[in-house]
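This report looks at the empty spaces in a protein model, at the ligand it holds, and at some points of backbone geometry. The sequence and the structure come first, and the description follows.

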Amino acid sequence: MTATALNYAGNKWREWILHNVEQSCTQESMLKHMIPTFTQEQALMALSEARELLTSPALNRPLINVTTNQVDLGDITAQVVFKLMNPHVVVIDNVLTAAECDLLVQAAIAKNIAPSTVVHIESGESVLGDYRTSSGCCFSRSETELIGNMERRLSTLNAWPLENGEGIQVLQYEVGQQYKPHFDYFDPKNAGSSKHLKRGGQRVGTFVVYLSDVEAGGSTSFPEVGVDVYPRKGSAVYFSSVDEAGKPCLLTRHAGTPVISGVKTVATYWQRERAYR
Ligand SMILES: O=C(O)CCC(=O)C(=O)O
C-alpha cells in the first residue's frame, strides 16, 4: 500500500498519526488536531491508512532477490556470494567498507559494551544467559549518520521497510565466547513473547554484519542445514526466520560458534513484520 494521505504532511505527522492510532486514541480527538493541516477527507484517509499499516499481516517475507551478482546500494556496490533457498540464507560481501567497520566498533566502545542478554521465555525480560556470552551495546534507529546509512543499505538489500527495523546491536566475542544455537523469532508458545510481538510483530529478517576478520572460529552456523559462514570484515549474512507462509522456520536455528583465536565483532540488524516503534 502506498499510504498517500499518511505521507501527505511529512514525517512528523506520519509518526504522530501512527503513534496515536497505536495508542487507540479516539478518531474525534485525532481529527481535532489534524484539521486544518489536513482536510477532513485527507485526515480520515490517513487514519484509515495508519490502521491498515499497523494491523496488516506480513504479506510475504523479506527475501534478497538475487537478479544480479553485484547490487548497487547507491554509495557502495555489494556482492552476493552465497545463497540457500530453504531456509533463505544469503551472504553478501562489501556491505560496509573497512573504515566504516572501524568507526562502528569505535562508536560501540565509546557507548559502553556490556554483557549481552537474552529474552526470558516466561517473563520476556532481558536477562543474562549462559548460552550467550558475548558483550555488546544497542543503538537506536539512525542514531548516527553511519548507522542510518547502514540501515538504509541493509533494508535496500531485501526491500523491507526501514521503519520495520530494530536498532542495530554491536556484539563482541573474545576467545571462547559464543551464542549457542537459538532462534531469532519470538516463539508464540512462550508467555514472554507476547510483549515483544505486540511491538512490530514477528522478527522476520536478520542481518549479521561482520565488523572484523577472525583468525579462527566464530562462524555463524546453521546446524540444521550444515552451513557455516565465516566472518569477513565488511560482509554480512542474511536470513529470514520465517517460511513462505510467514510462520517461524525451524531450519533457521543458528549459532555464533566459539571464537578460537582473535576477536569477533558483529552488528546485528533485525527486521519486523510491521513498523517497529
Ligand atoms: O554472532 C553470530 O555470528 C550470530 C549472532 C546471532 O545469532 C544473533 O545475534 O542472533
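## The largest pocket

Which strands and which helix each supply at least two residues of the lining of the largest pocket? In this predicted model, that condition is met by strand S4 (114–115), strand S5 (118–119), strand S7 (135–138), S8, S9, helix H7 (194–197) and S17. The most is given by S7, which places 3 residues in the lining of the largest pocket.

The largest pocket holds about 870 Å³ of space, and of the 38 residues that line it, Val118, Val119, Tyr179, Phe186 and Arg203 are the closest to its centre. Sorted by class, this lining has 17 nonpolar, 12 polar and 9 charged residues.

## The cavity

Rolling a probe the size of a water molecule over the atoms shows where empty space is left. When the whole structure is searched, 1 cavity of 30 Å³ or more is found, and the largest cavity has a volume of about 140 Å³. Its lining is made up of 17 residues, and those nearest its centre are Tyr173, Tyr179, Val208, His254 and Thr268. The elements that contribute two or more residues to this lining are S8, S9, strand S10 (203–210), S15 and S17, with the largest share, 4 residues, coming from S17.

By class, the lining of the largest cavity divides into 8 nonpolar, 6 polar and 3 charged residues. What takes up the space of the largest cavity? The ligand does, since the space that the ligand takes is the largest cavity.

## The ligand and its shell

Around the ligand stand Arg132, Leu171, Tyr173, Tyr179, His182, Asp184, Thr220, His254, Gly256, Lys264, Thr268 and Trp270. The residues of this shell divide into 4 nonpolar, 5 polar and 3 charged.

Three side chains can be described by their distances to oxygen atoms of the ligand. A polar side-chain atom of Thr220 lies 2.5 Å from a ligand oxygen atom, an N or O atom in the side chain of Lys264 is 2.7 Å from a ligand oxygen atom, and for the side chain of Asp184 the corresponding distance is 3.0 Å. Taken alone, the ligand exposes 290 Å², and the protein buries 100% of that area. Two or more residues of the shell around the ligand come from each of strand S8 (169–173), strand S9 (179–182), strand S15 (254–256) and strand S17 (264–272), and S17 gives the most, with 3 residues.

## Backbone geometry

Most residues other than glycine have a negative phi, and most peptide bonds are trans. Where, against that background, is a cis peptide bond with omega near 20 degrees? The bond in question runs from Ile35 to Pro36, and Pro36 is found in the loop between helix H3 (27–34) and helix H4 (40–55). A cis peptide bond also joins Asn86 and Pro87, with omega about 5 degrees, and Pro87 lies in the loop between strand S2 (77–84) and strand S3 (89–93).

Ser24, a residue other than glycine, has a positive phi, with a value near 60 degrees. Ser24 lies in the loop between helix H2 (11–22) and H3.

Note on methods. Residues numbered from 1 in each chain as written. Predicted model: local features only at pLDDT ≥ 70, side-chain atom pairs only at ≥ 80, totals over all residues. Heavy atoms only, no water. Near = heavy atom within 4 Å. Polar contact = N/O pair within 3.5 Å; in protein donor to acceptor, adjacent residues only side chain to side chain. Areas by Shrake-Rupley, 256 points an atom, 1.4 Å probe, with all protein chains shown as cover. 1 Å grid on protein atoms, 1.4 Å probe; cavity = no way out; pocket = protein on both sides within 12 Å on 5 of 7 lines; lining within 4 Å. Sits in = over half its atoms within 2 Å of the grid points. Nonpolar A, V, L, I, M, F, W, Y, C, P; charged D, E, K, R; others polar. Points joined across faces, edges and corners; volume = space filled by probe spheres on them.
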